[in-house]
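Please look over the sequence and the model first. The paragraphs that follow go from the whole chain to some of its parts.

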Amino acid sequence: MPESLALTRLLNHVFGGPVTSLLNAVGVHPTYPDAPIPDAFALELLIAGLLLAFFLVVRLTLSVEKPATVQQLAEMIHEFVGGQAEQIIGHGYERYQSFVTIVFVFILSCNLIGLIPGINSPTELEAVTLAIAVASFVYYNFYGFKEQGIGGYLKHFAGPVWWLAWLLFPIEIISHFARIMSLSVRLYANMFAGGLVTLVFFSLVPLGVPVVFLGLHLLVSVIQAFVFMLLVMIYLSVAVSHEAH
């Protein structure tokens, strides 16, 4: 049985009883490790708390004359994501920028925390990447229906040729839902493989060579967060664009 993190043990000590009762009430019986809260969830809570604290500090220390380091970092992230969103989503991208920004920052933070020895990235767990993919799927479809209307958005899946709609509609719906697995598996597989390679080389060679794989893990972490964000933007652009229909 794997040894849980100190944070996980603390959360289970404080909240384990009520969470176990709640899960049992809905037919879920946690077994890892004899407690309901796993390491991945504890790390996600930690990252969410740190991000909230970061943006709160940015908000409280906003300054035009003398911007603090945290403000400069926040502005860099905002401009970077905003630039990508403007190119991909186009007009009106601002209303979606906050969501794609937090998706990017949260995934990147989850990926990078795996660089700390003894800690696995939450995104190395398929349930975590699936949850992020489902949230993104629901988000862009919600705005698709909101912008296009129910009929207009569903018409998009029927294709441009009306007499082929009976064939194209089910194919498009299936491929559309397949995006959830595509987003989830791509992120999970890359992060799991990267973490596994780093762990293996650290076990074989404690010093020197593993530093190269830490650098590779860092590169993969950034690229995967960026790719996930870009895909969500692309799906959003298609969902809300009137020209696409």
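Of the 245 residues in the protein chain, 36% are buried. The model is a predicted one. The surface that the protein chain exposes comes to about 14,200 Å², and carbon and sulfur atoms supply 73% of that area. Measured out along its principal axes, the C-alpha trace spans about 60 × 55 × 40 Å.

The secondary structure is quickly listed: the protein chain has seven helices and zero strands. Its pattern along the sequence reads α-α-α-α-α-α-α. Among the contacts with a separation of 6 or more, 69% are between residues 24 or more positions apart.

One place where two helices meet is the packing of α2 (residues 39-60) against α3 (residues 69-88). Their axes lie 9 Å apart and form an angle of about 110°. Angles of 65 to 115 degrees count as roughly perpendicular, and α2 and α3 are therefore roughly perpendicular to each other. Which residues in α2 and α3 meet? From α2 come Phe54, Val57 and Val58, and from α3 come Val70, Gln71, Leu73 and Ala74. By class, this contact has six nonpolar residues, one polar residue and no charged residues.

The loop between α2 and α3 holds alanine 68. Alanine 68 counts as partly exposed because its relative accessibility is 28%, and the range for that class lies between 20% and 50%. From alanine 68 to leucine 154 the C-alpha distance is 47 Å, with their positions 86 residues apart in sequence.

Another part to look at is helix α5 (residues 126-155), where tyrosine 139 and tyrosine 143 both lie. These two tyrosines are four residues apart, about one turn of the helix. Are they buried or exposed? Both tyrosine 139 and tyrosine 143 are buried. The model has a count of 14 aromatic pairs. Tyrosine 139 and tyrosine 143 form a tilted aromatic pair, at 4.9 Å centre to centre and with 55° between the planes. Both tyrosines also belong to one aromatic cluster, formed by Tyr96, Phe99, Tyr139, Phe142 and Tyr143.

The last stop is helix α7 (residues 209-240), the place of serine 221. Why does serine 221 count as buried? The reason is its relative accessibility of 0%, as buried means under 20%. Leaving aside residues up to four places away in sequence, serine 221 touches Leu108, Asn111, Leu112 and Met191.

How values were computed: Residues numbered from 1 in each chain as written. Predicted model: local features only at pLDDT ≥ 70, side-chain atom pairs only at ≥ 80, totals over all residues. Heavy atoms only, no water. Buried < 20%, exposed > 50% of the residue type's maximum accessible area, 1.4 Å probe, protein only. Contact = heavy atoms within 4.5 Å. Axes fitted to C-alpha atoms, helices over the stretch in contact; angles between N-to-C directions. Parallel < 35°, antiparallel > 145°, perpendicular 65-115°, else oblique. Nonpolar A, V, L, I, M, F, W, Y, C, P; charged D, E, K, R; others polar. Phe/Tyr/Trp six-rings, centres within 6.5 Å; stacked < 30°, edge-to-face > 60°. Areas by Shrake-Rupley, 256 points an atom, 1.4 Å probe, with all protein chains shown as cover.
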